[in-house]
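Hi there,

Here is the structure I promised to pass on to you. Have a look at it first, and then read my notes below with the model open beside them.

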Amino acid sequence: MKQTGAILNGAAPNGLFGLGMGNISVPSVLASKGLAANSFSLCFGADGIGRIDFGDKGSLDQGETPFNLEQTHQTYNISLTGITVGNKNIDVDFTAIVDSGTSFTYLNDPAYKVITENFNSQAQELRIQPMVQVPFEYCYGLRVNQTYFQILDVNLMMKGGNQFYLFDPIITLSLPDGSTAYCLAVVKSGDVNIIGQNFMTGYQVVFDREKMVLGWKPSDCYDSKESKSKTILPINKQRPTEGSGPTSGLPEDTRENGNDTIRSTPDFTSSTSAGNYVTKSLTFFCQLVAVLFFLYSHYLIISS
């Protein structure tokens, strides 16, 4: 209805969808009018599909952790007690905001140091110099004829003892010179810790504002609830087309091998469902624009 300030400069030309704990947010208004329970879920599919379900309180078999409510400005703030990277289990004690409006995850020390240094010490590929255009410090180059690479398991231990397994903690980049690299998709933060959308990929995440807990359960986001509601629109299950977001640049094929994931490198000239072809340079350009947009969005969140 009314937009002012930096939001007019291209960060969100159609506005922001408010999902916070304040009284003016969409879930708060729906609950106050008796239209839905005071809870909602967001689902982030690995192929780029997503769902939002107002009134969803999750399921009995989901993982849960309580929100930290002793804050002046209430957010979806949770506590973490441990991080597992590969074969290393590290006890930690820090809080983080779970924010679907931030595409990547931002951590400050000591959490950032714990996850990055343990990832780096176990990575099999050689670390490359950080790229100016990319905000990630821990990136690794693939050899010319390398057809697969291993991704270390990364798990977060939440307060209460439930684990939150990261399905895809990396981002794969096609560089302008034709080479390939992957980065641990965590940005070093100078202030707050934020668990962003990339860490939530592969989950239905429940923001239960009645029980004041965060819930999560693995989902591909296609297991819709037509049996419970006739209001859910049908979806067409297909691979995302170009411009669908950062996941479009990730490898397509995965298979399990022991505790790690063996991941095939992407085909850099990939076709969309319409038969259009995305070149290497366009892929990198789209990823770069996405990264810069996500950084700007993070700035807006912090400054607000």
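Let's begin with aspartate 208, which counts as buried because its relative accessibility is 2%, and buried means under 20%. Please keep in mind that this is a predicted model. You will find aspartate 208 in strand 16, which covers residues 203–208. What does its side chain reach? One polar contact, of 3.0 Å, links it to the side chain of lysine 57. The side chain of aspartate 208 also reaches the backbone nitrogen of lysine 211, at 3.0 Å. Leaving out residues up to four places away in sequence, aspartate 208 touches Asn38, Ser39, Lys57, Phe67 and Val213.

Now zoom out. The protein has 304 residues, and 44% of them are buried. There are 4 helices and 21 strands. Of the contacts between residues at least 6 apart in sequence, 63% join residues at least 24 apart. The exposed area is about 16300 Å², with carbon and sulfur atoms supplying 52% of it.

Next, the nonpolar cores. The largest has 46 residues, and those touching the most other members are Phe119, Leu156, Tyr182 and Phe207. Try selecting leucine 156: beyond four places away in sequence, its contacts include Leu80, Ile83, Phe164, Ile195 and Phe199. A second, separate core has 14 residues, among them Val134, Cys139, Leu175 and Ala185.

On to the strands. In general, strands of a sheet pair through backbone hydrogen bonds, either parallel or antiparallel. One open sheet here is made of 4 strands in the order 7-8-13-12, with antiparallel pairing. Which strands are at its edges? They are strand 7 (127–128) and strand 12 (170–174), each of which pairs on one side only. Strand 12 is joined to strand 13 (residues 180–184) by 5 bridges, and isoleucine 170 has leucine 184 as its bridge partner. Helix 2, residues 111–122, lies across strands 7, 8, 12 and 13, and runs at about 140° to strand 13.

Finally, look at the hairpin of strand 1 and strand 2. Strand 1 (residues 39–44) and strand 2 (residues 50–54) run antiparallel and are joined by 5 bridges. Phenylalanine 44 stands opposite glycine 50. There are 5 residues between the strands, and glycine 48 takes a positive phi near 105° in this hairpin.

Enjoy exploring, and write back with any questions!

Best wishes

Definitions and conventions. Residues numbered from 1 in each chain as written. Predicted model: local features only at pLDDT ≥ 70, side-chain atom pairs only at ≥ 80, totals over all residues. Heavy atoms only, no water. Core = buried A, V, L, I, M, F, W, Y, C linked by side-chain atoms within 4.5 Å. Buried < 20%, exposed > 50% of the residue type's maximum accessible area, 1.4 Å probe, protein only. Contact = heavy atoms within 4.5 Å. Pairing = 2+ DSSP bridges. Helix = DSSP H or I, 4+ residues; strand = E, 2+ residues; numbered from the N terminus. Axes fitted to C-alpha atoms, helices over the stretch in contact; angles between N-to-C directions. Areas by Shrake-Rupley, 256 points an atom, 1.4 Å probe, with all protein chains shown as cover. Polar contact = N/O pair within 3.5 Å; in protein donor to acceptor, adjacent residues only side chain to side chain.
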